[in-house]
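I opened this entry to record what I looked up about helix faces, cysteines and pockets.

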Amino acid sequence: MLERIRGLREDRDLKQEDLAKVLNCTQACYSHYESGKRDIPTEVLKKLADFYGVSTDYLLGRTNTKTPYPK
């Protein structure tokens with residue numbers, strides 16, 4: 001999961017600081033999510049999936065299909 005979150009961010013040429021603003025947290029907090037030092041809360045995982053336009057299952061590594069589920 002951590003590689004996917006980092007990869008999605010890097011593919012869009014975003015900094016950790018950019019994602020921290022989206023998630024309303026500090027850059028250090030977001031860095032801890034990416035490094036695995038802090039568990040990612042469900043609400044943050046949902047925000048990341050919405051931001052990147054992928055499913056939470058993709059972020060979690062449960063599927064290789066990026067397409068989000070219909071709402």
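I took a residue as buried when its relative accessible area is under 20%, and as exposed when that area is over 50%. The model I worked from is a predicted one.

**Helix α4.** I began with α4, which spans residues 42–52, and found that V44, L45, L48, A49 and Y52 are buried there. Because these residues cover an arc of only 140° around the axis, they sit on the same side of α4. That agrees with the general geometry, since an α-helix has 3.6 residues a turn and residues three or four places apart therefore point the same way. I then turned to the other side of α4, where T42 and D50 are exposed. Looking for what covers the buried residues of α4, I noted that the cover includes α1 (2–11), α2 (16–23), α3 (27–35) and α5 (56–60). Just after the helix, I noted that G53 takes a positive phi of about 70°.

**Helix α3.** I next asked which residues of α3 are buried. They are C29, Y30, Y33 and E34, and, seen down the axis of α3, they fall within an arc of 140°, so they line one face of the helix. The cover over these buried residues includes α1, α2 and α4. I also noted that G36, which follows α3, has a positive phi, near 85°.

**Cysteines.** How many disulfides does the model hold? With a pair of cysteine sulfur atoms required to lie within 2.5 Å, I arrived at a count of zero. C25 is in no disulfide, and the nearest cysteine sulfur to its own, that of C29, is 4.0 Å away. C29 is likewise in no disulfide, with the sulfur of C25 as the nearest cysteine sulfur at 4.0 Å. I looked up the exposure of both residues as well: C25 is partly exposed, with a relative accessible area of 22%, whereas C29 is buried, with a relative accessible area of 10%.

**Largest pocket.** Last, I looked at the largest pocket, which holds about 170 Å³ of space. Its lining consists of K46, A49, D50, G53, V54, S55, T56, P68, Y69, P70 and K71, and the largest share of that lining, three residues, comes from α4. Sorted by class, I have five nonpolar, three polar and three charged residues in the lining. I marked two lining residues that I had already met in α4: A49 and D50 both line the pocket, although A49 is buried and D50 is exposed. G53, the residue with positive phi just after α4, is also part of the lining.

Terms used. Residues are numbered from 1 along each chain as its sequence is written. This is a predicted model: local features need pLDDT of at least 70, side-chain atom pairs count only at pLDDT 80 or more; totals for chains, interfaces and linings use all residues. Side-chain values use heavy atoms; hydrogens and water are left out. Buried means under 20% relative accessible area, exposed over 50%, partly exposed in between (1.4 Å probe, protein chains only). Helices (H or I, at least four residues) and strands (E, at least two) are DSSP runs, numbered from the N terminus. The arc is that of the directions from the helix axis to the C-beta atoms. Contact means heavy atoms within 4.5 Å. On a 1 Å grid over the protein atoms alone, a cavity is a set of points where a 1.4 Å probe fits but cannot get out, and a pocket is an open set with protein on both sides within 12 Å along at least five of seven lines; lining residues have an atom within 4 Å of a point. Grid points are joined across faces, edges and corners, and a volume is the space filled by probe spheres set on the points. Ala, Val, Leu, Ile, Met, Phe, Trp, Tyr, Cys and Pro count as nonpolar, Asp, Glu, Lys and Arg as charged, and the others, Gly among them, as polar.
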